[in-house]
Structures are given as structure tokens and as C-alpha cells.
Amino acid sequence: MTGITVALLSLLFITSGTIENHTDSGVPSTQSPPATQGSAAPQYSTPSRAPTTTQVSPTPSTPKTTLFQNFSGYHIGVGRADCTGQVSDINLMGFSKTGQYARGILTRLYSRAFIMAEPDGSNRVVFVSIDIGMVSQRLRLEVLSRLQNKYGSLYRRDNVILSGTHTHSGPAGYFQYTTFVIASEGFSNRTFEYMVTGIVKSIEIAHTNMKPGKIFINKGTVDGAQINRSPTSYLWNPQSERARYSSNTDKEMVLLKMVDLNGEELGLISWFAIHPVSMRNTNHLVNSDNVGYASYLFEQEKNKGYLPGEGPYVAAFASSNLGDVSPNVLGPHCTNTGESCENANSSCPIGGASMCVAMGPGQDMFESTQIIGRKIYDKAKAKTCKPALGYSFAAGTIDGFGTLNFTQGMTEGDSFWDTLRDQVLGKPSEEIKECHKPKPVLLHTGELLKPHPWHPDIVDVQIVTLGFLAITAIPGEFTTMSGRRLRQAVQEEFEAYGMLNMTVVISGLCNVYTHYITTYEEYQAQRYEAASTIYGPHTLSAYIQLFRVLAKAIATDTVANLSSGPEPPFFEQLMSPLIPNIVDRAPAGTTFGDILLPANTTYRVGEVVEVTFVGANPKNSAENRTHQTFLTVEKYEATSGTWQITHNDASWETRFYWHKGLLGLSNATIQWHIPDTAQPGSYRIKYFGHSRKQDLLKPAVLLSFESSPSVFEVITTW
């Protein structure tokens, strides 16, 4: 028999005890740390064993759905739902760049869910890839709570994996730990609810759509899509270890393809190590970046005749060990001189680190996103410390430099910043400074507890096996070599207990975010990734130890014997967003949606149509969802006498810009980059939104509106 098994550990990071550092094969097995776990099992191609099931906590039982059982395969369900959130008046999450607020939308963000269950429906696993920067612990807890309310014990902490794609162009504001709340400039319940609703809805759709099917696994090499953005840190790893690999990045893509019993394709999950930062820190449009564009291409091809975000086929391009991997393949150069700045500090002789920027393969970030996304698509188609952030954390990377006078590779502090920190936040303890060496501690987040803890100290780690595939759910960003060591350790543990030929994939940014995880050697260089390894130099060894425990438990069928660990907290009264809600206003003599600058009368393929309207704040549409898009491009069909939608705001060819004015005034500009596939004829662009209105002594209300259409002709020649 083939099967699914899931195992989860919930660990509490503490400073007591020691953990050895190992470079080649992780750490030897030791006594298991406190853990919560679970188990489950469908069909694939692992050694036969009886499935076991344990529960994380007592929950009401759910009657099993009667499923067709006489087949060799799985029950498979796929689902996709919008989880975009705010597209204005909120920081974009990822670069931590002050002033990088959302001001419109390039593509919508989606949650893509996949459920795989045994033929009798008893044991199952849920994998969800979400177009967001990372999964916050609060997000996961709320999703699990809503799933429990609807399905009882069917979907739990141990058999649900939530993974962020790591786009740096999605909204922030959905975190509960203070470090991230500050970076988000407050907690946005509006965006949090939008995301939770979308994630849960995608799982509900997948649950409803479950049908008998089969799963196939494939691997391939993707060339020309990535570089290592910290190659000097990589060189700190032992030469004997580096010699085992042909590149300083992982170029292998692992793909899971799902079909029904008739061979009809249902969806795919692809894991590939790449940072979704083709869209730079100068971008202000919400979008899913290069991996999202790969999903867009695949789903558009499979869902012929559907608008983006619609149709039954679901394609997820999930994150892997992307910590030190950049898509900006031309490498770092000084923007003022053009010379290379590939050095330990990523700094230029004139202008310093702020001038050192890595460039993508395209003429601009939009084209670079398409080029990298298409490369990925084409291949798919074919002892720990309390948390602390070091100085180089503030320096940023070659993909998005910091805004202050920090550089990468800093192994000594700065008296000015140390004094400022001590006066505002208090001094870090000698214990934390000693534990994190050679990192100079900038923010001792593990000792900062007000208004809430600044970083998580309870972290979930998970392994899910589907036949010969083992998915390791990583709560952060592993560097290339960190991922390689973890894969090797897990494979060795499986082999030691009779599970041979396992393919181990790293699924990054899962369940809770703990920044980066470097090797012990890379930590010594203290570039950005090392400075952001918040649990200290032995973090990787700790994770390897824990994943060995999980792998052994799965291989020996003893998952049920793992002990239950601590529950993560769910904080109340988080900091409100710094940008207040204000009433929207239209200029005198106009109303929302009126056309200020109409389209020209005639365009041809390759040109850009642009229309400007009297606007209202787009964040209102994250509360009132009367309209599911901010725009439509429609073509007149003479035979039926109707206007048919050809594009919406999830289409790559459209862009929605919001221009914020004073005292509630704003404009909205819609662009349509006419594709080569556009047919000649009459077209129109429409704008949809919601305005905030508040009468004296009455609560605010959100009113939906739609614009008058701006009509034009598309011709092939002049």
C-alpha cells in the first residue's frame, strides 16, 4: 500500500542547553524536544504500512465523507480563491522600505489549495501556496480555527501546511509579533480578514471538488533564472561540501502533477528556489511577482476561455530554499558608475550600499518578471538563541538595499546606533550578545516583550510524505546550502529506517515566519541572511535535529508517540494602522467614476490605452467586496449585441494606479497594454470601486460605484 503521513513538532526556542554544529549530515539523534504532531495517510508509492492518526488537541469529530474506494490512487481536490487584501494605504511586505506603500494593482493575489486523501477519506493532507510575503502565525491560527469550526478534526495543525510564495509586492499588516507589526506600520484587520477568508475559501473549494485521481512526480533543471546573491558567504562553507554541487544555487525543480482517473489534469505544485523580487523596491503595484506570473501562464493555458483567476485548473509555484537566491541574474552593479559591486559588503566606492543594485534580464522590472516567470513556467511545462537581528539586517540585499548607513558583512556594532537602541529599548543582555557572536546585536528582539513579543519563540515544523515525496515545511528562508544539508539529513534518516529513494523537497515560508536560516559557516560572514538568522549560529543544526526526529517517527511508524508541545499565542489589541480612514471626496461637479482623461479614439496592437477617472480609496474594496475587480476591458460582440469581458485586474496586460490627493481627493488611472492576441474591434474600459461616506454623528458607510465606459477602437494597421 502507498500512503500519506504527516508529522509536526511545535518547538519552544530557549537559550539553555547546547547543540553541536555539523556541516555534512546534520546532528546525531538526541532526546526528542517537546512536540505536537499528527499523522495521516492516502496512496502513492511508499513501502506499505498501516496509517496512524493522532490529534493535536481534542476537537469535535467530523463524520467521514463516503468516498469511492476501489481504485489505486488518491482523492484529490484543488481550489483557488482571491486573497489580495488592500491595494492602497498599506506597506508592501518584504523589502522593509519606508514609503513603499501600495498604490494600485498589477495582478491579484491568490490562495491555491490542494487536498490529497486516502481512498476511504480517512487520512489526508492540505497544502496551500499563497501569494503573500510569508505566512504569519496569527494567519495560520485563524485559518485553523475556522477550519475546525466547519470541519471539526478533519483539518488540523498537523495535516495543514500554509506556504507563502514570498512575493515582496503583497500587502503587509497581518502579523502579531511586534517586529512585523512595526514593519507593517500597524495591524490591518481589513487585509487580515481578506486573506483569511481567501485561504479558507480555497480549501473549501478543494474539499468540495475532491475526486479520485493519481499523482505523478517529476524533476528538472532550470537554467538562467537565478544567482546566489551572497556568494562570498557561500564560500565560507567547506570546500569538500561545495565540491559535491555544480552550482552555488539549487537549480532543480520538483513538480507534483495531479490528474483524475480519466487523465484529466487537475493541477500541479512546483517547488523551485528563487526569490520573487523581480519587481523592485521602487514598485507600488500589488502583484505576485515572477512565480505568480508562472502560475498565471500555466493557468491561462489550461483554463482556456476563462479570465485570470477563474477555471478549474490550479497551478502553484511554491517557495523553496530561496534565502540567498536572486532572480536578478545580471548581478549587482553600481547604478552611478556601472562597475560591479560583487563584494562582501555589496557596496560601491561612490555612494556606498545604496548604489549597489542587482538587475534582472529585462529592460525594466515588468519585463524581468515576465522573463524569469516564463523560464520557470517553461520548465514546469516540460543550541539556539533568543531571537535577535544583527546590523547587516538593516543593510538589506542587492535586491533591495536599506535606507540607513548599514552595510552587509558588519561584525562590529556602531556606538551611535547602540546608544540609541539602549535609550529607546534598553540594553541587550550579555547572554544574548555572547550567544549571537559574531553577530553584533542591533535589536535584541528575543528580550523585547512590549506591547507583545517581538518575535515568535514557539515554532511549528512539519514533514508530509506522499509516497516517495517528502515535503518539509520550513518556517523561514533557508539558504542554498542550508537546504542541501537539511535534505541530506532527512534522506539519510529515512534510509536508515528502510524508506529508500525518497525525494525531499524544501517548502519554504510555512506556517510562521522566522526570517532566515544560514549554515554555521555562512553565519560567520554576517551578510544580510546571517544577520537575519534570529535564533543564532546553531539554528540550522537545531532544525536538522528536529526534522531527523520527524523523519524517524514517520519511517518507524511511531508518529503517535511524539509528545504534545506548547500552543502558539494569539494576541489581542494589536497596534492600529498609522494611516487613518478618511472620507472620499469628488471634485465639485463630478462624481466617483467620472472620466477625467478619456482614451484616444483608435489604438493598434502593442500600444497602451490609458484612462483616468475620479477615484476613491481602493482599500475600501477590501471591506466592501461588491465588485470583484477594479477594472474590466470589454469587447463589443456585434453578433450578440453585448460587451464581453476580455481582461480584468488579474490580467498581466492591465495596470491599475491610484493617485492619492489631499483631503480625500484621488484619481484612478487604468492602463491596458494591448497584447498581440487582441482582435480588431470596439473596446471599452470600466472602473469599479467603493467610496467612504460619513454623515455627522453617523457611522461611515462604503458605497459601491462603477464608471461610465471609455470607448475606443483597436485596429491592426493605420
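A pocket, in the sense used here, is an open set of grid points with protein on both sides within 12 Å along at least five of seven lines. With that in hand, welcome to a set of close-ups of a predicted model.

**View 1. The second largest pocket holds about 980 Å³ of space.**
Its lining is made up of 32 residues, and Y296, H647, E653, P675 and T677 are the ones that lie nearest the centre of the pocket. Three elements, α6 (289–302), α7 (365–381) and β30 (642–648), each supply at least two residues of this lining. The largest share comes from α6, with five residues. If you are thinking about the chemistry of the wall, the lining divides into 13 nonpolar, 11 polar and eight charged residues.

**View 2. Strand β29 sits between two antiparallel partners, β33 and β30.**
β29 covers residues 631–637 and is mostly covered, as five of its seven residues are buried. To strand β33 (residues 681–693), β29 is joined by five bridges, and K635 stands opposite Y683 of β33. With β30, a strand you have already met at the pocket lining, the pairing runs over six bridges. Here T632 stands opposite N648 in β30. β29 and β30 form a hairpin with four residues between them, and G641 in the turn has a positive phi of about 70°.

**View 3. Seven strands make up an open antiparallel sheet.**
Reading across the sheet, the order is β8-β3-β4-β31-β32-β28-β26. β8 (170–171) and β26 (595–597) each have a single partner strand, so one side of each of these edge strands has no neighbour in the sheet. For a look inside the sheet, find strand β4 (residues 101–105) and strand β31 (residues 654–660), which run antiparallel and are joined by two bridges. I105 stands opposite F656 in β31.

**View 4. Strand β9 pairs with β2 and with β11.**
Strand β2 (residues 74–82) runs antiparallel to strand β9 (residues 211–221), and three bridges join them. In this pairing I76 stands opposite K211 of β9. Strand β11 (residues 252–260) also runs antiparallel to β9, and nine bridges join these two strands. A handy pair to pick out is I217, which stands opposite L256 in β11.

**View 5. A left-handed disulfide links C334 and C348.**
The structure holds two disulfides, and this view shows the one that joins C334 to C348, with an S to S distance of 2.2 Å. The angle about its S-S bond is -110°. C334 lies in strand β15 (residues 331–334) and C348 in the loop between β15 and β16 (356–359), so the bond ties together parts that are 14 residues apart in sequence. Both of these cysteines, C334 and C348, are buried.

**View 6. A right-handed disulfide links C341 and C356.**
Here the S to S distance between C341 and C356 is 2.1 Å, and the angle about the S-S bond is 90°. The pair links distant parts of the chain, 15 residues apart, with C341 in the loop between β15 and β16 and C356 in strand β16. Both C341 and C356 are buried.

**View 7. D324 is a buried loop residue.**
You will find D324 in the loop between β13 (314–318) and β14 (325–326). Its relative accessible area is 2%, so D324 falls among the buried residues. For a partner in space, look to N228: the C-alpha atoms of D324 and N228 are 5.6 Å apart, although the two residues are separated by 96 residues along the chain.

**View 8. C83 and C510 are two buried cysteines.**
Buried here means under 20% relative accessible area. C83 has a relative accessibility of 0% and therefore counts as buried. C510 is also at 0% relative accessibility, so C510 counts as buried too.

**View 9. The protein chain as a whole gives the setting for these close-ups, with 13 helices and 35 strands.**
The chain has 718 residues, and 61% of them count as buried. Its accessible surface comes to about 26,300 Å², and 52% of that belongs to carbon and sulfur atoms.

Key
Residues numbered from 1 in each chain as written. Predicted model: local features only at pLDDT ≥ 70, side-chain atom pairs only at ≥ 80, totals over all residues. Heavy atoms only, no water. 1 Å grid on protein atoms, 1.4 Å probe; cavity = no way out; pocket = protein on both sides within 12 Å on 5 of 7 lines; lining within 4 Å. Points joined across faces, edges and corners; volume = space filled by probe spheres on them. Nonpolar A, V, L, I, M, F, W, Y, C, P; charged D, E, K, R; others polar. Pairing = 2+ DSSP bridges. Buried < 20%, exposed > 50% of the residue type's maximum accessible area, 1.4 Å probe, protein only. Areas by Shrake-Rupley, 256 points an atom, 1.4 Å probe, with all protein chains shown as cover. Disulfide = S-S within 2.5 Å.
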